Amino acid sequence: MGFNTKIQWCHHTYNPWWGCTKVSDGCKNCYAENFAVRYGHDIWGIGKQRRLLSENHWKEPLKWNGIAKEQNEHHRVFCASMADVFEENAPQGEVKKLWEVIKKTTNLDWLLLTKRPHRIFDSLPADWGSGYKNVWLGTSIEDERVVERINHLVSVPAAIHFLSLEPLLGPLPNLPLKNIDWVIVGGESGGGSRPMKSDWVLDIHQQCLAANTAFFLKQTGNILAKQMKLTDKKGGNIEEWPEEFQLRSYPLKKMISL
Ligand code: SF4
């Protein structure tokens, strides 16, 4: 699937800038921060400069759009893996630039994922209306303490609303799934991983079935993978999962089949 991304459900990953501030427990082992530190960038936290990117970098999505158009297809772009586009400290000039690029690239479907859905509304372009057709809005939820994010998300009109329950750190027995098109679930991987329990996943799957919401289990995470004796350390190889974990993924109603 991916051209420049390892994410199974996207063709590309795009970062309009690098840098962010931790906002909840799901950020504890932020992969992006660790990656930035490894490359010598001190860009995490309030008041830290974000890393801005070159004009050539901003031309990339236009190229991807051209390719998708030639193939008469829509390609999905995950935005962002190294930032949260709705963050308080987001560089405003770059936010404006991002909306302009999104508007021009009608053969790309942009998946904007945030832990700050309460900030989406004030960050939208003036002509958002009932939502750009090529923008999917999503929020990350790790446990019940931040489930309120869903209400903020669905209060903004969008072509697709989705949830990323990754890293899943606790049970979510009462997910409000009205107007949620798609749920992605994943356990934590990497150093200091925290456990995801199989019961939580099975329960979320049942809730998605009842709500007719598409469901996708991305990976079990390190700890569950070890318990299940999987060879893939992240537990991302569906072929290895035990039978009760071969959960049915409903196709995303309007747009794609996973
Ligand atoms: S919101 Fe995302 S990018 Fe920002 S610190 Fe948290 S996990 Fe990292």
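Two strands are taken to pair if DSSP finds at least two bridges between them. By that criterion, strand β6 (residues 135-140) and β7 pair in the parallel sense, over five bridges. The model discussed here is a predicted one.

This pairing belongs to an open sheet of seven strands, arranged in the order β1-β4-β5-β6-β7-β8-β9 with parallel pairing. At the edges stand β1 (12-13) and β9 (214-219); each has a single partner strand, so one side of each is left without a neighbour in the sheet. Within the sheet, glycine 138 stands opposite phenylalanine 162 in β7. On to the next strand in the order, β7 and strand β8 (residues 182-186) also pair in the parallel sense, here over four bridges. Leucine 165 has valine 185 in β8 as its bridge partner.

Strand β7 deserves a closer look. In a regular strand the side chains alternate between the two faces of the sheet. In β7, Ile160, Phe162 and Ser164 lie on one side and His161, Leu163 and Leu165 on the other, and all of these are buried, so that both faces of the strand are covered. Because six of the six residues of strand β7 (residues 160-165) are buried, the strand is largely enclosed by the rest of the structure.

The loop between β7 and β8 contains isoleucine 180. This residue has 21 other C-beta atoms within 10 Å; a residue is buried if there are 20 or more, and isoleucine 180 is therefore buried. Leaving out residues up to four places away in sequence, isoleucine 180 touches Ile150, Val154, His161, Phe162, Leu163 and Thr213. Three of the residues named there, His161, Phe162 and Leu163, are also among the buried residues of β7. From isoleucine 180 to valine 23 the C-alpha to C-alpha distance is 23 Å, and the two are 157 residues apart in sequence. Proline 167 lies in the loop between β7 and β8 as well. A cis peptide bond joins glutamate 166 to proline 167, with omega about 0 degrees.

A second cis peptide bond is found between cysteine 79 and alanine 80, where omega is about 15 degrees. Alanine 80 is placed in the loop between β4 and α3. Alanine 83 also has its place in the loop between β4 (75-79) and α3 (92-104). With 24 C-beta neighbours inside 10 Å, alanine 83 counts as buried. Its contacts, apart from neighbours within four places in sequence, are Asn15, Pro16, Trp17, Trp18, Gly19 and Cys20. The C-alpha atoms of alanine 83 and proline 16 are separated by 8.1 Å, although their positions lie 67 residues apart along the chain as a sequence separation. 

Cys20, one of the contacts of alanine 83, is also one of the residues surrounding the ligand. The others around the ligand are Lys22, Val23, Cys27, Cys30, Ala32, Glu33, Asp84 and Lys115. By class, this shell has five nonpolar and four charged residues, with no polar ones.

The domain assignment divides the protein chain into domain 1 (1-21 + 29-114) and domain 2 (148-258). Taken over C-alpha atoms, the centres of domain 1 and domain 2 are 23 Å apart. Five residues from domain 1 and eight residues from domain 2 take part in the contact. On the side of domain 1 that touches domain 2, three residues are nonpolar, two are polar and none is charged.

The largest nonpolar core has 60 residues, of which Cys79, Trp110, Leu111, Leu165, Val183 and Ile204 touch the most other members. Strand β5 (residues 108-114) gives the most to this core, with five residues. Both domain 1 (1-21 + 29-114) and domain 2 (148-258) supply at least three residues each to the core. Tryptophan 110 touches Val77, Cys79, Ile102, Asn134, Val135 and Trp136, when residues up to four places away in sequence are not counted.

Two residues outside the strands remain to be described. Asparagine 72 is found in the loop between α2 (55-70) and β4. Its phi is near 55 degrees, a positive value in a residue other than glycine. Asparagine 72 has 7 other C-beta atoms within 10 Å and is therefore exposed. Lysine 229, in the segment after α7 (222-227), likewise is not a glycine and has a positive phi, of about 60 degrees. With 8 C-beta neighbours inside 10 Å, lysine 229 counts as exposed.

Terms used. Residues are numbered from 1 along each chain as its sequence is written. This is a predicted model: local features need pLDDT of at least 70, side-chain atom pairs count only at pLDDT 80 or more; totals for chains, interfaces and linings use all residues. A residue is near a molecule or strand if its C-beta atom, placed from the backbone, lies within 6 Å of it. Ala, Val, Leu, Ile, Met, Phe, Trp, Tyr, Cys and Pro count as nonpolar, Asp, Glu, Lys and Arg as charged, and the others, Gly among them, as polar. Domain bounds come from an automatic or database domain assignment. Two residues are in contact if their C-beta atoms, placed from the backbone, lie within 7 Å. A nonpolar core is a set of buried Ala, Val, Leu, Ile, Met, Phe, Trp, Tyr and Cys residues joined through C-beta atoms within 7 Å. A residue is buried if 20 or more other C-beta atoms lie within 10 Å of its own, exposed if 12 or fewer, and partly exposed in between; C-beta atoms are placed from the backbone.
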